[in-house]
Amino acid sequence: MEKVIVAMQDPDMGVKMRNQRLLITVIPHAMTGRDIIEWLIQKYNISEEEALHLGAMLVRYGYIYPLKEPRFLVLRPDESPYRFQSPYFWTSTRWPASELDYAIYLAKKNIRKQGELMEYEKERYSLLHKRINHTWDFVVMQAREQLRASKQRRKADRIVLECQEQAYWLINRPPPGVHNVLDMGLERPNNYTLRVALKQNSDYYKREIETCRRALGRNRVKSSICLESFVKYSEQYQNHDPIMQGCLPSNPWISDDTAHWSMNAEIVPMPTRLRVERWSFSFMELLSDTMGRQEFMTYLEKEFSAENLCFWQACEEIRHGESSKIVEKVDEIYKNFLAPGAARWVNIDSKTMDKTLEGIKHPHRFVMDDAQMHIYFLMKKDSYPRYLKSDLYKNMLAKAVVPQETKKSVFPFMRRQRHSSPSPAQATTHEDGHARGSGQAGTSNSAAGSHA
C-alpha cells in the first residue's frame, strides 16, 4: 500500500493535486475521491469496482484521510476532498499511541468550541481521567497550549491538522463495533457498503440528533476551575519541592554529604516526615513508593485483605515485565487469585471476571487491565481512607525523621541564600544612599583637611 501511495504522490505521473474548496475555506494540495479512483483505474488497468475497493482500503488504513467528513474513513466516488497522510503517521512506523497523547487529543476536542465528543469518546475520556488522574493537570495544560498554538495558524492549516490527527486516532483508537485494522490486517472485511447503507437509515440520523442534543447540554470546564486546581496542586506540593524549599539535611549536588540519598532510599528503617506526608496526597503516591507499599501491605494483612495489593503488584509485573514470561505469569495469577477455590481469591464482579477469563485464553501484556483497575479502585475507595485514619499511619507520621540542616560544606563559598534578593529599585536606592554617604564623608574630610 505504501508503494501505491508513493506512486500516487509522484509529481509527474501521480494524482494531480489542486486547491479544493471546503465550504468557504480553500484547502491546498488536495484531491477528490473521483480523482483517486480514476488514477487507480488508469495506473493498474482495473475495473471501477476494484479501484473503489483499493482506494477504500487506503483510506481505512489511514494513508489517505477525508476533509469533508473526517469522522468516517470512507472513500466516496465524488468531489469530496481528500489529502495524503504524513509518513510520520503511517502504520508501518509503529509509533506508540500512548494513553497520555490520546487524553490530550480528547481534551482538545472537549475544550474546542466546535468540538463534539462522540458517546464512546466521552466514556474513554472519563476512563482516562480516572486512570491518569495524577497527571490530568498536565493533560489540560498541554491541550490548551496546543490549541493556543493552532490559533496562530491559517484556518486551512488548522482544518488539515485537525483532520490529520483525527484520522490517526480513528486508526489507533477505533470506535466500538469497527474492526481494528492494526489487529485484523488485510483480511478484514470490506464494510463500505454497510456504512453507506447505515447512513441512509433513519435510525442513524435519529442517533446523530440525540447525540447533538446531549452535546449542547454538556457542561464545560471553566478556566477558573482549572486554575484553582492548579493552585491547590502547587500549594500542596510546595513544601516537597527541593528547588523551592531546598534539600535537607544538605544539598548533595553542592556538597559531599550523601545523607539526603541515604534517608530517601527505597527501604529505610524510618522514612522522613515529608515522605510519609506525600502518602496522604493520593493513592498513587502511596503505591509508587516502595516503602509506602510495604507499610500499606502491613495494614492490609491486619485487615485480612492483603490479596488485593498482591494481585495489583502481580498485574504490574505483567505490564512491565519480560515478554517471554507473560504466559507463565498470567497462568500463575489465575491459579493464585482468580481460579475457583484459589488460596488468595480476589473479589471481582462477574462482568469483569468473564472478560478477564476470556482474555486469558490468548494472554498478552494488558489482559489483566480491567481486573487490576477494579481492584485498584476498590482499595482506593475502601482500604486507603481507612489506612490514613489508622494508628499505624499516625504512628509512622509521628515517628518519622525530620532532618536537621547541616552547616558543614566542602565549598564554603557556595552557601544557600537564606533571604530573597532585593528588587532592582531597592538595590538602586541602596547604591544611591551609599554614594551620597560617600560623598558627604569626602566633603567632611576635605573640610577637615582645609581647617588643619
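This passage describes model confidence, the surroundings of Arg-365 and the packing of helix α18.

The structure is a predicted model, in which local features need pLDDT of at least 70, side-chain atom pairs count only at pLDDT 80 or more, and totals for chains, interfaces and linings use all residues. Residues are numbered from 1 along each chain as its sequence is written, and side-chain values use heavy atoms, with hydrogens and water left out.

The mean pLDDT (the predictor's confidence in each residue, from 0 to 100) of the chain is 80. A value of 70 or more is reached by 84% of residues. Residues 185-199 have pLDDT below 50, yet make 26 contacts (heavy atoms within 4.5 Å) beyond near neighbours in sequence. Residues 440-452 also fall below 50, with zero such contacts. Where pLDDT is low, predicted coordinates should not be read in detail.

Arg-365 sits in the loop between α19 (350-360) and α20 (369-388). Helices are DSSP runs (H or I, at least four residues), numbered from the N terminus. Beyond four places in sequence, Arg-365 contacts residues including Ile-318, His-320, Glu-322 and Ile-326. The C-alpha atoms of Arg-365 and Ser-323 are 7.6 Å apart, across 42 residues of chain. The Arg-365 side chain reaches the backbone oxygen of Gly-321 at 2.9 Å. A polar atom of that side chain lies 3.1 Å from the backbone oxygen of Arg-319.

In α18 (326-338), Ile-326, Val-330, Ile-333, Phe-337 and Leu-338 are buried (under 20% relative accessible area, 1.4 Å probe, protein chains only). They lie on the same side of α18 because they cover an arc of only 65° around the axis, taken from the directions from the helix axis to the C-beta atoms. The buried residues pack against α17 (306-320) and α19. Val-327, Glu-328 and Lys-335, on the other side, are exposed (over 50%).

Definitions and conventions. Helices (H or I, at least four residues) and strands (E, at least two) are DSSP runs, numbered from the N terminus. A polar contact is a pair of N or O atoms within 3.5 Å; within protein, one must be able to donate a hydrogen and the other to accept it, and residues adjacent in sequence count only if both atoms are side-chain atoms.
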